[in-house]
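Biologist: Could you take me through how the helices pack here, and tell me what the labels rest on?

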Amino acid sequence: MASAGSGSTPAANASPAAPAGLFSVFVSARMAAMLALGFASGLPLALSAGTLQAWLTVENIDIKTIGYFSLVGLPYTFKFVWAPLLDRFEPPKFGRRRGWLVATQAALAVVCFAMASASPADNIEWLAMLAVAMAFLSASQDVVFDAYRSDLLDGPERGAGAALSVLGYRLAMLVSGGLALILADQWLGWPNAYRLMGALMALAAIVSLFVPGLPNPVRALSAMRKELTGFVAMVVAGVVVIMLARSVSGALALSNDFAQLAFNSVAMIAACACALLAARKVGFPSFVDPWDAYFTRENALALLALIVLYKLGDAFAGSLSTTFLIRGAGFTPTEVGAVNKVLGLLATIVGALAGGAWLARRPLYHALMVFGLLQAVSNFGYWLIAVLPKSYPLMAAAIGLENLCGGLGTAAFVAFLMALTDRRYSAAQYALLSALSAVGRIYVGPAAGVMVAAFDWPLFFLLTVLTALPGLILLRFLRPVVLALDDDRSAERQQARE
């Protein structure tokens, strides 16, 4: 590992370039692969979420059943559980990572065609099973793509690769979200819309056959039986703890919202801890070895804390933004949708691309700090909406600024996660690290609702700015370690080439 004080990187020493030179990092076969695979990664998400919800609504499925369909997205949260198996086992053809990419994308195409043949009115259970299968395959594709991106890209390319991944992902969400709804409503109908999405997934599988290949890492492989036994033991241990926690929660009958929130958080941590202990006790090498390898890193625990905290303020502000704009600020759903979906998407894409260009010429630490500060400051836009009279220009400016800064921060943060992964275990490590990063995005919602009820909107948005500060303070403390990541990654790439 490079010394902690090392801050000399190719990016740091590069002289300022003209804009055309800055964006030249985006022009390569690797970057084309990032765009194409980002698109394939984003395409299935809406098909098992918003688009499917619209189909069920049009078919007059009752609201309770539609509500339960939101649970089909759980595989995205727990993908780190089976990610180690995707590291340990590879399909026999097509090469490292590409085999799983082709397999998951081809399977997603099949599921799309199967959903097109299912009738929500006649066989809702079968459609639900297919939606869960789609979410599982989509989450698995995400695991493999994240690992492939981490394995493929060098330091100067990480930001650009993250930016193009975000661009492809967002464009795919437009295709499988808004465009699919229009096509289904105006021309094709729902079954044919899903068949079209299936054809696009099949095309993605063909494209994945031609993305740049990866070298196979040299490492000992553990026994298949031991891997599968450890996997089952880990899942069972976590589920048992969650069920016991629910029983205890019912017996305690906690009435205070903050107390219930704290209890649920402790229960989740206990379930994860017991699952990890079971995996280590029974033996699950593909899960345990990546963790052991990670904890050989300097300041490993502090870096994990940084992953959780870096985008926490951004997650808090965004968790209830739509509800705030409609209920708190008085805008209509159409107004919010038009600004959020169009302007917000464009601002996020511009931010991600600009962040990728910046990262091509600057150290990772500088990008994380500058973009983290911008993320925090951008939350003041929502505070202004909360305290000033209703204003359309103010809403557009606040949403545009928040999404622009969020896109910048996302490009730097994804590059940071890639820099932390070990190429021997990139699928497992990236899935674990990204699961930690999702703690803020997924679990701040209940806390945000309780805070708004207690403090009201203006104070809540001020608190979201303060929530961003611990991550930035910790980042400053870890400055030498983060600066060293650029040198570490370049050294890994050179060793792989040799």
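**Helix packing and cores**

Modeller: Sure, and bear in mind that this is a predicted model. Helix α19 (residues 364-378) and helix α23 (residues 457-477) have axes that come within 9 Å and cross at roughly 165°.

Biologist: What makes α19 roughly antiparallel to α23?

Modeller: Angles over 145 degrees count as roughly antiparallel. The axes cross at roughly 165°, so α19 is roughly antiparallel to α23. The crossing is left-handed.

Biologist: Which residues make that contact?

Modeller: From α19 it's Tyr 365, Leu 368, Met 369, Gly 372, Leu 373 and Ala 376, and from α23 it's Val 465, Ala 468, Leu 472, Leu 475 and Arg 476. By class, that gives 9 nonpolar, 1 polar and 1 charged residues.

Biologist: Why is one residue there counted as polar?

Modeller: Gly counts as polar, and Gly 372 of α19 is part of the contact, so Gly 372 is the polar one.

Biologist: Why is α19 called roughly parallel to α20?

Modeller: α19 and helix α20 (residues 380-387) pack at about 5°, with axes 5 Å apart. Angles under 35 degrees count as roughly parallel, so the label fits α19 and α20. Here Ala 376, Val 377 and Ser 378 of α19 meet Phe 380, Gly 381 and Tyr 382 of α20.

Biologist: Which residues touch the most other members of the largest nonpolar core?

Modeller: Met 34, Tyr 148, Leu 364, Phe 416 and Val 482, out of 81 residues. Helix α21 (residues 392-420) supplies the largest share, 11 residues. Another core, of 32 residues, lies apart from it and includes Ile 61 and Met 201.

Conventions
Residues are numbered from 1 along each chain as its sequence is written. This is a predicted model: local features need pLDDT of at least 70, side-chain atom pairs count only at pLDDT 80 or more; totals for chains, interfaces and linings use all residues. Side-chain values use heavy atoms; hydrogens and water are left out. Axes are lines fitted to C-alpha atoms, for helices over the stretch in contact, and angles run from 0 to 180 degrees between N-to-C directions. Helices (H or I, at least four residues) and strands (E, at least two) are DSSP runs, numbered from the N terminus. Angles under 35 degrees count as roughly parallel, over 145 as roughly antiparallel, 65 to 115 as roughly perpendicular and the rest as oblique. A crossing is left-handed if the near helix is turned anticlockwise from the far one by less than a right angle, and right-handed if clockwise. Contact means heavy atoms within 4.5 Å. A nonpolar core is a set of buried Ala, Val, Leu, Ile, Met, Phe, Trp, Tyr and Cys residues joined through side-chain atoms within 4.5 Å. Buried means under 20% relative accessible area, exposed over 50%, partly exposed in between (1.4 Å probe, protein chains only).
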